[in-house]
Amino acid sequence: MLRLEGMNAFYGKSHILFDVSVAVGEGEVVGLVGRNGVGKTTLLRTIMGQIPNRSGRIEFDGRDLFAVPSHKLARLGLSLVPQEQAVFGEFTVRDNLRVASPNGELDDRLRKSVVEVFPILDERMNQMAGTLSGGERQMLAMARAFVKNPRLMLLDEPTEGLMPSAVETVERTVRSFGDRGMGILLVEQDLAMVLTMCGRVYVMEKGRIIHEETVTEASEA
């Protein structure tokens with residue numbers, strides 16, 4: 001599904017990513033771990049075309065993403081949930097979902113599919129997003145990506161700052177995405193948590209992938 005080969009990325013003249021190669025298959029949940037500032041978020045932004053100064057190769061289903069404008073990537077089935085829980089606080093939950101949907105509407109079919117995955121949002125539809133708890137805002141941010149019907153979702157530290165109960169909810173949701181055949185690239189710092197959610201893990205340090213292994217290998221190490 002997604003394949004990066006020899007990816008380099010720059011902020012101005014600063015070289016941030018060095019020959020990064022990463023792959024995510026259909027229905028596969030893959031982790032990307034590393035300390036703050038090693039380039040994990042930059043990697044996700046590079047995939048989504050938000051970093052223009054880049055080289056190497058990014059393919060999605062064999063298609064060269066360098067040839068696709070960033071605003072058209074969602075139509076191909078890619079969706080990013082950024083670290084900052086990107087929701088419109090002055091909008092209701094319903095309106096947040098409506099403006100994120102492909103046709104700008106939240107019909108009964110789409111609402112049903114959303115609340116099946118995010119049941120807590122059913123009773124929050126008319127609530128202002130800015131009044132939600134941190135865990136609820138994260139659910140809404142993920143639901144906004146979900147309504148675009150992605151085949152691959154990029155999640156940037158979705159459990160950061162959440163209470164343990166909310167972290168468990170995020171974990172269950174990520175697993176359900178994989179069960180539905182959606183590919184997931186999950187950025188996290190907590191290796192122990194990633195090992196419970198992912199089939200394979202990449203470790204990044206100073207803009208480079210320094211290690212890759214399956215969760216089984218990591219658990220036996």
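Q: In this predicted model, which residue in S9 does Gly31 stand opposite?
A: Let's start with the strands involved. Strand S3 covers residues 29-33 and strand S9 covers residues 200-205, and they pair in the parallel sense over four bridges. Across from Gly31, the residue you'll find in S9 is Val201.

Q: In what order do the six strands of the open sheet with mixed pairing come?
A: Strands in a sheet pair through backbone hydrogen bonds, either parallel or antiparallel. Here S3 and S9 go parallel, while S9 and S10 go antiparallel, and the sheet's pairing is mixed. Walk across the sheet and the order is S6-S7-S8-S3-S9-S10.

Q: Which strands stand at the edges of that sheet, each with a single partner strand?
A: Look at the two ends of the order S6-S7-S8-S3-S9-S10. A strand at the edge has a single partner, so one of its sides is left without a neighbour in the sheet. That makes the edge strands S6 (78-81) and S10 (208-214).

Q: What angle does the direction of helix H5 make with that of S6?
A: Helix H5 spans residues 134-146 and packs on the sheet. It touches S6 and also strand S7 (152-156). Compare the direction of H5 with that of S6 and you get about 165°.

Q: Which residue in the turn of the S9 and S10 hairpin has a positive phi?
A: S9 and S10 pair in the antiparallel sense over six bridges, and one bridge joins Arg200 to Thr214 in S10. The hairpin they form has two residues between the strands. The one with a positive phi, about 50°, is Lys206.

Q: Why are the buried residues of helix H4 on the same side, and what arc do they cover?
A: H4 runs over residues 108-117, and its buried residues are Leu110, Val114, Val115 and Val117. They're on the same side of H4 because the arc they cover around the axis is only 160°.

Q: Which residues are exposed on the other side of H4?
A: The buried residues of H4 have a cover that includes helix H3 (93-100), H5 and helix H6 (164-179). Now flip to the other side of H4. The exposed residues there are Asp108, Arg109, Lys112 and Glu116.

Q: Which helix packs on the sheet by touching S1, S2 and S4?
A: This open sheet has four strands in the order S2-S1-S4-S5, with antiparallel pairing. Within it, S1 (residues 2-11) and S4 (residues 54-60) pair over six bridges, with Glu5 opposite Arg57 in S4. The helix covers residues 40-47, and its direction makes about 110° with that of S1: helix H1.

Technical notes. Residues numbered from 1 in each chain as written. Predicted model: local features only at pLDDT ≥ 70, side-chain atom pairs only at ≥ 80, totals over all residues. Heavy atoms only, no water. Pairing = 2+ DSSP bridges. Contact = heavy atoms within 4.5 Å. Axes fitted to C-alpha atoms, helices over the stretch in contact; angles between N-to-C directions. Buried < 20%, exposed > 50% of the residue type's maximum accessible area, 1.4 Å probe, protein only. Arc of directions from axis to C-beta.
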